[in-house]
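I opened the notebook to record, entry by entry, what I looked up in this structure. The sequence and the model come first, and my notes follow.

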Amino acid sequence: KGKAKKAAKIATKAINKAAVLGAGIMGGGIAYQSALKGVPVVMKDIADKALALGMGEATKLLGKQVERKKLDAIGMAKVIASITPTLSNENVKGVDIVVEAVVENPKVKGAVLKEVEALLSDDAILTSNTSTISIDSLAANLSRPQNFCGMHFFNPVHRMPLVEVIRGKDTSEETVAAVVAYAAKMGKSPIVVNDCPGFFVNRVLFPYFAGFSKLVLDGADFAQVDKVMEKQFGWPMGPAYLLDVVGLDTAYHCTDVMAAGFPTRMAKLNDDPVAAMYKADRYGQKNGVGFYAYS
Ligand code: NAD
């Protein structure tokens, strides 16, 4: 009761403008969803090609909304106009919230977060869409860790309801409340979770991927595993296909973080098929070939 009263008293910072760092699978999806739900967004990447892909995907998804008569052409144009693709951090100044969605590498994320924090106003909120990296470890080099938390979306962002809001040891209640409200405004179902490598979902998912890898190492055919999981067990996709959707580069980096965080339970496998795919530049759907080939 006391806690509920306290929560009701928290003044939630209004989120009127957002920025997403990284315009890849996730950043592009998050930018699209934010704009669709009425929060204009700056989408920043270091590669022109990524910005073009991000805008292309948003246009494609909006086209589908128009086809389904959920949006008219003017509405679509307005949403597109509310996404600002950019290569410059300057355009990130003045936003209420930043969602960092760059490559799953603690060093790169640490540098990107520190650089952008310096551009933000004192009350702006900074979040990371990291899949596995501990929020406290990312907060370690920030000046305002109270304004920082995890905001972990799932792929594809426009379809998956869940968002994990990850509370670090220094994250303020105000920050958690504002991020929960922003996720809800985006039409998502947020849950608040404590910090640890992998948070909630990836502590379930990565042991499953490890189980799949061990089966393959024991001689199982990956396509057969998928077939059984999909057709007989009834899951929407099997592990090999899901890894192709996630991106085998991202999955490889996540596996590293999980192994470092849980050295016994998530120990690295010798000859891990995920690592083999990554080392062969087979990243999955994003570059046309992973376990399967895509045209
Ligand atoms: P991705 O490879 O599709 O996109 C990453 C993007 O970040 C690229 O466009 C790259 O150019 C850009 N980038 C790299 N360095 C940058 C920098 N310094 N500034 C701005 N942009 C930069 O990867 P993704 O799948 O979108 O993953 C991004 C993050 O989201 C990772 O932390 C990942 O773990 C997490 N995530 C991924 C999934 C998934 O299923 N793929 C799901 C949830 C969370």
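**Entry 1: helix α9**

I began with helix α9 (residues 222-232), where I found Val225, Asp226 and Met229 to be the buried residues. They cover an arc of only 100° around the axis, which puts them on the same side of α9. On the face of α9 turned away from that buried side I noted the exposed residues Lys231 and Gln232. I should write down here that I am working from a predicted model, and that the values in these entries are computed from it.

**Entry 2: helix α4**

I then asked which residues of helix α4 (residues 73-81) are buried. I found Gly75, Met76 and Val79. Viewed down the axis of α4, these buried residues fall within an arc of 100°, so they line one face of the helix. The face turned away from the buried side of α4 carries the exposed residues Ala73, Ile74, Lys78 and Ala81.

**Entry 3: the ligand**

My next question was which of the 22 residues around the ligand come nearest. These are Asp45, Glu104, Lys109, Ser131 and Val246. By class, the shell around the ligand divides into 9 nonpolar, 8 polar and 5 charged residues.

I went on to look up individual contacts with oxygen atoms of the ligand. For Asp45, an N or O atom of the side chain is 2.6 Å from an oxygen atom of the ligand. For Met26, a backbone N or O atom lies 2.8 Å from an oxygen atom of the ligand, and for Asn155 a polar side-chain atom lies 3.1 Å from one. On its own the ligand has 830 Å² of accessible area, and the protein covers 86% of that. I also noted that the elements giving two or more residues to the shell around the ligand are α2 (25-36) and α5 (106-117).

**Entry 4: helix α5**

Since α5 appeared in the ligand entry, I looked at this helix by itself. It has 12 residues and reaches 16 Å from its first C-alpha to its last, close to the 16 Å expected at 1.5 Å a residue. Within α5, I found Lys109, Leu113, Val116 and Glu117 to be buried. Seen down the axis of α5, the buried residues fall within an arc of 100°, so they line one face of the helix. Lys109 is thus listed both among the buried residues of α5 and among the residues that come nearest to the ligand.

I followed Lys109 to Thr130, which is 21 residues away along the chain, and found their C-alpha atoms separated by 8.6 Å. Thr130 has its place in the loop between β5 (125-128) and α6 (135-139). At 0% relative accessibility, which is under the 20% cut-off, Thr130 counts as buried.

**Entry 5: backbone geometry**

Here I kept in mind that most residues other than glycine have a negative phi, and that most peptide bonds are trans. Against that background, I recorded that the peptide bond from Asn155 to Pro156 is cis, with omega near 0°. Pro156 lies in the loop between β6 (148-152) and β7 (162-167), and Asn155 is the residue whose side chain I had already entered for its polar atom 3.1 Å from a ligand oxygen.

I also looked up positive phi values. Phe199, a residue other than glycine, has a phi near 55°; it lies in the loop between β8 (189-194) and α8 (201-217), and with a relative accessible area of 3% Phe199 is buried. Asp281 is not a glycine either, and has a positive phi of about 60°. The place of Asp281 is in the segment after α12 (273-279), and at 49% relative accessibility Asp281 counts as partly exposed.

**Entry 6: Ser88 and Gly211**

Where does Ser88 lie? I found Ser88 in the loop between β3 (83-86) and β4 (97-100), partly exposed with a relative accessible area of 29%. The side chain of Ser88 reaches the backbone nitrogen of Glu90 at 3.0 Å. Ser88 and Asn202 are 114 residues apart in sequence and, C-alpha to C-alpha, 32 Å apart in space.

Last, I looked up Gly211, which has its place in helix α8 and is partly exposed, with a relative accessible area of 33%. Gly211 and Pro239 are 28 residues apart along the chain, and their C-alpha atoms are separated by 9.6 Å.

Definitions and conventions: Residues are numbered from 1 along each chain as its sequence is written. This is a predicted model: local features need pLDDT of at least 70, side-chain atom pairs count only at pLDDT 80 or more; totals for chains, interfaces and linings use all residues. Side-chain values use heavy atoms; hydrogens and water are left out. A residue is near a molecule or strand if one of its heavy atoms lies within 4 Å of it. A polar contact is a pair of N or O atoms within 3.5 Å; within protein, one must be able to donate a hydrogen and the other to accept it, and residues adjacent in sequence count only if both atoms are side-chain atoms. Accessible areas come from the Shrake-Rupley method with a 1.4 Å probe; for residues, only the protein chains shown count as cover. Helices (H or I, at least four residues) and strands (E, at least two) are DSSP runs, numbered from the N terminus. Ala, Val, Leu, Ile, Met, Phe, Trp, Tyr, Cys and Pro count as nonpolar, Asp, Glu, Lys and Arg as charged, and the others, Gly among them, as polar. The expected span of a helix is 1.5 Å times one less than its number of residues. Buried means under 20% relative accessible area, exposed over 50%, partly exposed in between (1.4 Å probe, protein chains only). The arc is that of the directions from the helix axis to the C-beta atoms.
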